[in-house]
Structures are given as C-alpha cells and as structure tokens.
Amino acid sequence: MSYWIMGTMAALMGLLGLFMAGAAKDSGILAFGLGLSLFGVLFCWFMIKTSFDEAEREASEGN
C-alpha cells in the first residue's frame, strides 16, 4: 500500500514541476521544474518495477 502513496506523491511532485516549468520566467526555475517532473516520472517507474519484482518473488516462492 505504501507504493501507492509514494507513487501518488511522486506524481504530484512531477505535476508541480510541470506547472513550475510552464510558468517559469527564467531558465533556473525552468530547469528545476523540468528536473522535478523528470524525477517524478523516474521515481514512479522505479516504484512500479519494485512492486512487480516483489510480486514475482512472492509467486516464485509459492511454488
């Protein structure tokens, strides 16, 4: 269940980064916003991978 919470928080941070990048008036905020959104996407992918790895490990131990 904590994967859902952490994934949701990372997605919200990524969305916040996109809003920051969209409203940026200088290149520093633009870079930070894009970096924050990239971090959100990569972290969500990592959480999905971890969840599938655990499910696969549980399935192989059940046999």
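Okay, let's start at the surface: the protein chain exposes about 4900 Å², and carbon and sulfur atoms supply 73% of that. Keep in mind as I go through this that we're looking at a predicted model.

So what is the chain built from? It has 2 helices and 0 strands. Those are α1, covering 2–22, and α2, covering 27–62.

Now the overall shape. Along its principal axes, the C-alpha trace spans about 55 × 15 × 10 Å. The radius of gyration comes out at 16 Å, where a compact globule of 63 residues would be near 11 Å. As for burial, 19% of the 63 residues count as buried.

Let me take α2 next. This helix has 36 residues, and from its first C-alpha to its last it reaches 52 Å. At 1.5 Å a residue you'd expect 52 Å, so to speak by the book, and the model is close to that.

Which residues of α2 are buried? Those are G33, L36, S37, G40, C44, M47 and T50. And what covers them? The cover includes α1. If you look at the spacing in that list, here's the general point to hold on to: an α-helix has 3.6 residues a turn, so residues three or four places apart point the same way.

A couple of distances help to place things. L42 sits in α2, and its C-alpha is 9.0 Å from that of A10, although the two are 32 residues apart in sequence. L42 itself is partly exposed, because its relative accessibility is 43%. Now try another pair: E54, also in α2, and D26. Those two are 28 residues apart in sequence, and their C-alphas are 43 Å apart in space. E54 counts as partly exposed too, because its relative accessible area is 29%.

On contacts more generally, take the ones between residues at least 6 apart in sequence. Of those, 40% join residues at least 24 apart.

Back to the outside, since I opened there. There's a nonpolar surface patch of about 780 Å², made by I5, M9, L12, L15, L18, F19, L30 and L34. Which elements give two or more residues to it? That would be α1 and α2. The largest share, 6 residues, comes from α1. Let me pick out one of the patch members, L18, which lies in α1. Is L18 buried, partly exposed or exposed? With a relative accessibility of 47%, L18 falls in the partly exposed class, because that class runs from 20% up to 50%.

Last item, the charges. How many salt bridges do we count? Just 1 salt bridge. The partners are D53 and K49, and their closest N and O atoms are 2.6 Å apart. Why do these two line up along the helix? D53 and K49 are 4 residues apart in α2, so about one helical turn separates them. D53 is partly exposed, because its relative accessibility is 31%.

To pull it together: we have a two-helix chain with no strands, and its C-alpha trace spans about 55 × 15 × 10 Å. The cover over the buried residues of α2 includes α1, and α1 also gives the largest share of the nonpolar patch. That's my tour; happy to go back to any of it on the screen.

Terms used: Residues numbered from 1 in each chain as written. Predicted model: local features only at pLDDT ≥ 70, side-chain atom pairs only at ≥ 80, totals over all residues. Heavy atoms only, no water. Patch = residues over 30% accessible without salt bridge, like charges linked within 9 Å, V, L, I, M, F, W, Y side chains within 5 Å. Areas by Shrake-Rupley, 256 points an atom, 1.4 Å probe, with all protein chains shown as cover. Salt bridge = Lys/Arg side-chain N within 4 Å of Asp/Glu carboxyl O. Buried < 20%, exposed > 50% of the residue type's maximum accessible area, 1.4 Å probe, protein only. Expected span 1.5 Å × (residues − 1). Contact = heavy atoms within 4.5 Å. Rg over C-alpha atoms; globule rule 2.2 N^0.38 Å.
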